[in-house]
Amino acid sequence: MLAIHRSLAAVLVVVGAAFTIGAIVAALREGARPWLEWGRRTVTALVALQGLFGLVLYGSGQRPQESLHLLYGLAGLVVLPFASYFAAEAPPRPRAVVLAIAGVLTLGIFFRSFATG
């Protein structure tokens with residue numbers, strides 16, 4: 001189970017980076033498009049799946065090295081949905097900017113989670 005958790009973490013970094021780059025490009029060009037929302041939902045679903053694996057590991061007695069890892073997991077789960085809700089009524093370009101900023105913040109959380117592993 002720990003191997004799956006670690007592998008999914010690597011996938012999350014790649015998918016999160018792709019989403020963030022896409023959001024930055026959308027913010028600089030045309031603004032938010034439906035594919036950006038699909039990407040946000042994909043990243044959020046993967047983070048939720050990662051959280052479920054983490055909870056199973058925690059329940060089986062395999063705790064993270066630092067308890068701060070749990071806070072980063074929760075933060076990683078809420079940042080993108082909160083940003084999407086916050087910018088729901090915004091025009092396409094500002095919405096893409098908010099999602100790009102949230103993507104950068106989420107990537108930072110992912111990398112910090114590795115450090116507290």
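## Helix α1 and the surface at Ile 4

Ile 4 sits in helix α1, which covers residues 2-28. This is a predicted model, so it is worth keeping that in mind as we walk through it. With a relative accessibility of 41%, Ile 4 falls in the partly exposed class. Ile 4 also helps to build a nonpolar patch on the surface: together with Met 1 and Val 56, it makes up about 260 Å².

Further along the helix, Thr 20 is another resident of α1. Is Thr 20 buried or exposed? Its relative accessible area is 4%, and because buried means under 20%, Thr 20 counts as buried. A polar atom of the Thr 20 side chain lies 3.2 Å from the backbone oxygen of Gly 103. Gly 103 also appears among the residues that Thr 20 touches once those up to four places away in sequence are set aside; the others are Ala 100, Val 104 and Leu 107.

## The nonpolar core

The largest nonpolar core holds 23 residues, and the members that touch the most others are Phe 19, Leu 36, Val 43, Ala 96 and Phe 110. Two or more residues come from each of these elements: α1, α2 (34-59), α3 (68-86) and α4 (92-116).

Phe 110 is a good place to look around. Which residues does Phe 110 contact, leaving aside its neighbours within four places in sequence? They are Leu 12, Val 13, Gly 16, Val 43 and Val 47. Val 43, then, is in contact with Phe 110 and is itself listed with Phe 110 among the core residues that touch the most other members.

## Val 97 in helix α4

Val 97 has its place in helix α4. Its relative accessibility is 36%, so Val 97 is classed as partly exposed. If you step back along the chain by 10 residues you reach Ala 87, and the C-alpha atoms of Val 97 and Ala 87 are 9.3 Å apart.

## Salt bridges around Glu 37

Now for the charged residues. How many salt bridges does the count come to? The total is 3, and a network of these bridges links Glu 37, Arg 40, Arg 41 and Arg 95. Glu 37 itself is buried, at a relative accessible area of 17%.

Two of the arginine partners can be taken with helix α2 in view. Arg 40 bridges to Glu 37 with its closest N and O atoms 2.4 Å apart. Both Arg 40 and Glu 37 belong to helix α2, and their spacing of 3 residues is about one turn of the helix. Arg 40 is buried, with 10% relative accessible area. Arg 41 also forms a salt bridge with Glu 37, here with a closest N and O separation of 3.3 Å. Arg 41 and Glu 37 are 4 residues apart in helix α2, so about one helical turn separates them. At 53% relative accessibility, Arg 41 counts as exposed.

Arg 95 brings another helix into the picture. Its salt bridge with Glu 37 has closest N and O atoms 2.8 Å apart. This pair connects distant parts of the chain, since Arg 95 is in helix α4 and Glu 37 is in helix α2, with their positions 58 residues apart. Arg 95 has a relative accessible area of 14% and is buried.

## Ser 84 joins the network residues

Ser 84 belongs to helix α3. Its relative accessible area is 8%, so Ser 84 is buried. Which residues are in contact with Ser 84, apart from its neighbours within four places in sequence? The answer is Glu 37, Arg 40, Arg 95 and Leu 99.

Polar contacts tie the Ser 84 side chain to two of the network residues. The Ser 84 and Glu 37 side chains are joined by a polar contact of 3.5 Å, while a polar contact of 2.9 Å joins the side chains of Ser 84 and Arg 95. Glu 37 and Arg 95 are in turn salt-bridge partners, and together with Ser 84 from helix α3 they bring residues of α2 and α4 into the picture.

Key: Residues are numbered from 1 along each chain as its sequence is written. This is a predicted model: local features need pLDDT of at least 70, side-chain atom pairs count only at pLDDT 80 or more; totals for chains, interfaces and linings use all residues. Side-chain values use heavy atoms; hydrogens and water are left out. Patches are made of residues with over 30% relative accessible area and no salt bridge: like charges are joined within 9 Å, nonpolar side chains (Val, Leu, Ile, Met, Phe, Trp, Tyr) within 5 Å. Accessible areas come from the Shrake-Rupley method with a 1.4 Å probe; for residues, only the protein chains shown count as cover. A salt bridge is a side-chain nitrogen of Lys or Arg within 4 Å of a carboxyl oxygen of Asp or Glu. Buried means under 20% relative accessible area, exposed over 50%, partly exposed in between (1.4 Å probe, protein chains only). A polar contact is a pair of N or O atoms within 3.5 Å; within protein, one must be able to donate a hydrogen and the other to accept it, and residues adjacent in sequence count only if both atoms are side-chain atoms. Contact means heavy atoms within 4.5 Å. A nonpolar core is a set of buried Ala, Val, Leu, Ile, Met, Phe, Trp, Tyr and Cys residues joined through side-chain atoms within 4.5 Å.
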